[in-house]
Amino acid sequence: MTNLQRLMLEIKGIELDQNELIVYLEENCLKAHDEYVPSSATNKRNIYKTALSILESIANNPKLMKSYKLDDMTISDFHENLLARIDQLERKIRSMKDDEQEQVFMLFNS
């Protein structure tokens, strides 16, 4: 699985051009067609940071901040739910270690 494929798993349901996804990945120090390494904490963290960047870009779209009425249903919570997901993802990223932090821990663990 490539980094691009892993990112697409993380942002299921969000339709973006593949070139846009590649730019987001490169901004977070990942090459789109490199192999995704699940054992690498840094790789995983950068995938989450890329997903966060995408969600933040979507949240900046003023069209999505409106309330919509569809038949008898009002769709008004999309933006609030998106912001809640962004906050959740930020907390998760802050709590994750990268590969360098894990190596330091292992040095002092013995």
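A crossing of two helices counts as right-handed if the near helix is turned clockwise from the far one by less than a right angle, and as left-handed if it is turned anticlockwise. Keep that in mind for the exercises below, which all use the predicted model shown above.

**Exercise 1. Getting oriented**

Task: Find how many helices and strands the protein has, and in what order they run.

Solution:
- Step 1. Count the elements: there are five helices and two strands.
- Step 2. Walk along the chain from the N terminus, and the order reads α-α-α-β-β-α-α.
- Step 3. Turn to burial: 32% of the 110 residues count as buried.
- Step 4. Look at the contacts with a separation of 6 or more: residues 24 or more positions apart account for 64% of them.

**Exercise 2. The nonpolar core**

Task: Work out which residues touch the most other members of the largest nonpolar core, and which helix gives the most to this core.

Solution:
- Step 1. The largest nonpolar core holds 23 residues, and those touching the most other members are Leu7, Leu25, Ile54 and Leu89.
- Step 2. At least two residues of this core come from each of α1 (3–10), α2 (18–27), α3 (41–59) and α4 (78–95).
- Step 3. The helix that gives the most is α3, with eight residues.
- Step 4. Now select Ile54 and set aside its neighbours within four places in sequence: the remaining contacts are Leu7, Ile11, Ile14, Leu16, Leu21 and Tyr24.

**Exercise 3. The buried face of α1**

Task: Decide how the buried residues of α1 are arranged around the helix, and what they pack against.

Solution:
- Step 1. List the buried residues of α1: Asn3, Leu4, Arg6 and Leu7.
- Step 2. Look down the axis of α1: these buried residues fall within an arc of 160 degrees, so they line one face of the helix.
- Step 3. Recall a general point: an α-helix has 3.6 residues a turn, so residues three or four places apart point the same way.
- Step 4. Follow that face outward, and the buried residues of α1 are found packing against α2 and α3.
- Step 5. Zoom in on Asn3, which lies in α1. With a relative accessible area of 3%, Asn3 falls under the 20% cut-off, so this residue is buried.
- Step 6. Beyond its neighbours within four places in sequence, Asn3 is in contact with Leu25, Leu30, Lys31, Ala32, Asp34, Glu35, Tyr36, Asn43 and Ile47.

**Exercise 4. Three helix crossings**

Task: Describe how α3 is crossed by α2, by α1 and by α4.

Solution:
- Step 1. A packed pair of helices is described by the angle between the axes and the distance between them.
- Step 2. Start with α2 and α3, whose axes come within 9 Å and cross at roughly 125 degrees. The two helices are therefore oblique to each other, and α2 passes α3 in a right-handed crossing. Leu21, Tyr24 and Leu25 of α2 make the contact with Ile47, Thr50, Ser53, Ile54 and Ser57 of α3.
- Step 3. Go on to α1 and α3: their axes come within 10 Å and cross at roughly 55 degrees, which makes α1 oblique to α3. The crossing of α1 past α3 is right-handed. On the α1 side, Asn3, Arg6, Leu7 and Glu10 make the contact; the α3 residues include Tyr48 and Ala51.
- Step 4. Finish with α3 and α4, whose axes come within 10 Å and cross at roughly 155 degrees. An angle over 145 degrees counts as roughly antiparallel, so that is how α3 and α4 lie. Here α3 passes α4 in a left-handed crossing. Among the residues making the contact are Leu52, Leu55 and Ala59 of α3 and Leu82, Ile86 and Leu89 of α4.

**Exercise 5. Two residues to inspect**

Task: Determine whether Cys29 and Ala59 are buried or exposed, and where each one sits.

Solution:
- Step 1. Cys29 is placed in the loop between α2 and α3.
- Step 2. The relative accessible area of Cys29 is 69%, over the 50% cut-off, so Cys29 is exposed.
- Step 3. Check the backbone: although Cys29 is not a glycine, its phi is positive, at about 65 degrees. Most residues other than glycine have a negative phi.
- Step 4. Ala59, by contrast, belongs to helix α3 and is buried, with a relative accessible area of 7%.
- Step 5. Compare Ala59 with Glu80: they are 21 residues apart in sequence, and their C-alpha atoms are 9.4 Å apart in space.

Technical notes: Residues numbered from 1 in each chain as written. Predicted model: local features only at pLDDT ≥ 70, side-chain atom pairs only at ≥ 80, totals over all residues. Heavy atoms only, no water. Core = buried A, V, L, I, M, F, W, Y, C linked by side-chain atoms within 4.5 Å. Buried < 20%, exposed > 50% of the residue type's maximum accessible area, 1.4 Å probe, protein only. Helix = DSSP H or I, 4+ residues; strand = E, 2+ residues; numbered from the N terminus. Contact = heavy atoms within 4.5 Å. Arc of directions from axis to C-beta. Axes fitted to C-alpha atoms, helices over the stretch in contact; angles between N-to-C directions. Parallel < 35°, antiparallel > 145°, perpendicular 65-115°, else oblique.
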